[in-house]
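Open the model in your viewer and keep the selection tool ready. This tour goes from the whole chain to single elements.

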Amino acid sequence: MKTIVTTAYRPNGKTDRMAAQAAEDLSIPFVLRKKRSIEKIHAEECADVLVAAKERLEFYPLGKTEPFFFHPNSAAFRTKRPIEEDPLVAVSKLEAGDVFFDCTLGMASDAIVAAYRVGSEGKVIGCESHPVLAYVIEQGLGRYEEMPHLHEAMKRIEVASKNSVELLKSLPDDSVDVVYMDPMFTEEITEASNFTPLRGTADEGQLSGEWVKEAVRAARKSVVLKAHFRSADFEKYGFARRVRPNTKFHYGLIDCRTP
Ligand SMILES: C[S@@+](CC[C@H](N)C(=O)[O-])C[C@H]1O[C@@H](n2cnc3c(N)ncnc32)[C@H](O)[C@@H]1O
């Protein structure tokens, strides 16, 4: 799908500069806003619309009126609790100084929790195959000014605008500690609204044998899958399921240190 970038409804110098920068960075056309609604721009340009709004980038896929934008979401409250008890940290056995490879960056909530856990000695690589989502998140991670306790962690995340299977293939054996996968659920979870604007836009590709094989090869410690509790992928690809009572998703673990 074609994407164009425009400014806020009432542009100023800052939104003009942000829009021009995004057009250059993503090699997409800049289109004047001319006080048009998003629906009107969608209709006239037949394209997804990236908006350089006052404080952030907002992405409106064609036909959607709710924007996608960066926000720490669940990372905001997860990092206020004892971090070693966070379900992802506990399942993956992620420690300070580790390298965490997030195959499915999305809104980066899990990557922020991981970056908070690994600390300044560690590293987080977040892979996102949709180039506009990757850009919105990368810019947001660098610019977000609220929640000072997360600033360092957010800036620690290296965003890779790539397909993670291809990037994993380029990694040497045992080169990261934890590989994490959280593909789009095939069953919609009604109460999870963060991704609502991205249904039909984000990469909805599902796990494959090749993806898991490359993850196991690259990971020293563990490969972790998050999936809907009804997903058969845990058993299909050899993940030990960690049941989380009363939640719609489970984690699965492949322990790479087990001989
Ligand atoms: C369910 S979301 C991940 C949510 C994320 N864990 C978070 O904390 O916000 C899945 C994201 O992964 C991306 N994605 C799916 N398959 C991918 C792949 N093979 N490589 C890179 N990104 C992928 C999708 O575009 C989508 O943005």
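The stops below cover the overall fold, one sheet, the helices on it, and one further helix.

**Whole chain**

Show everything as a cartoon. This is a predicted model. The protein contains 10 helices and 10 strands. Its radius of gyration is 19 Å, close to the 18 Å that the globule rule gives for 259 residues, so the protein is as compact as a globular protein of that length. Turn the C-alpha trace along its principal axes: the spans are about 60 × 40 × 35 Å.

Now switch to a surface. About 12300 Å² is exposed, and carbon and sulfur atoms supply 51% of that area. How much of the protein is buried? Buried residues account for 53% of the 259.

Contacts come next. Take those between residues at least 6 apart in sequence: 70% of them link residues at least 24 apart.

**The three-stranded sheet**

Select residues 3-7, which form strand 1. Add residues 48-52 for strand 2 and residues 57-60 for strand 3. Together they make an open sheet of 3 strands, ordered 1-2-3, with mixed pairing. Which strands stand at the edges? Strand 1 and strand 3 do; each has a single partner strand, so one side of each lacks a neighbour in the sheet. Look along the sheet for its twist, which averages 20° from one strand to the next.

Zoom in on strand 2 and strand 3. They pair in the antiparallel sense, over 4 bridges. Label Val 49 and find Tyr 60 of strand 3 standing opposite.

**Two helices on the sheet**

Keep the sheet visible and select residues 38-45. This is helix 2, packed on the sheet and touching strand 1, strand 2 and strand 3. Compare directions: helix 2 makes about 135° with strand 2.

Next, select residues 131-143, helix 6. Helix 6 also packs on the sheet, with strand 1, strand 2 and strand 3 all touched. Its direction makes about 160° with that of strand 3.

**Helix 5**

Move to residues 109-118, helix 5. Is this helix mostly covered or mostly open? Mostly covered: 8 of its 10 residues are buried. Show the side chains and colour the buried ones. Start with Ser 109, Asp 110, Ala 111 and Ile 112, then add Val 113, Ala 114, Ala 115 and Val 118.

Finish one step past the helix. Gly 119 follows helix 5, and its phi is positive, near 70°.

How values were computed: Residues are numbered from 1 along each chain as its sequence is written. This is a predicted model: local features need pLDDT of at least 70, side-chain atom pairs count only at pLDDT 80 or more; totals for chains, interfaces and linings use all residues. Side-chain values use heavy atoms; hydrogens and water are left out. Two strands pair if DSSP finds at least two bridges between them. Axes are lines fitted to C-alpha atoms, for helices over the stretch in contact, and angles run from 0 to 180 degrees between N-to-C directions. Contact means heavy atoms within 4.5 Å. Buried means under 20% relative accessible area, exposed over 50%, partly exposed in between (1.4 Å probe, protein chains only). The radius of gyration is taken over C-alpha atoms; the globule rule is 2.2 Å times the number of residues to the power 0.38. Accessible areas come from the Shrake-Rupley method with a 1.4 Å probe; for residues, only the protein chains shown count as cover.
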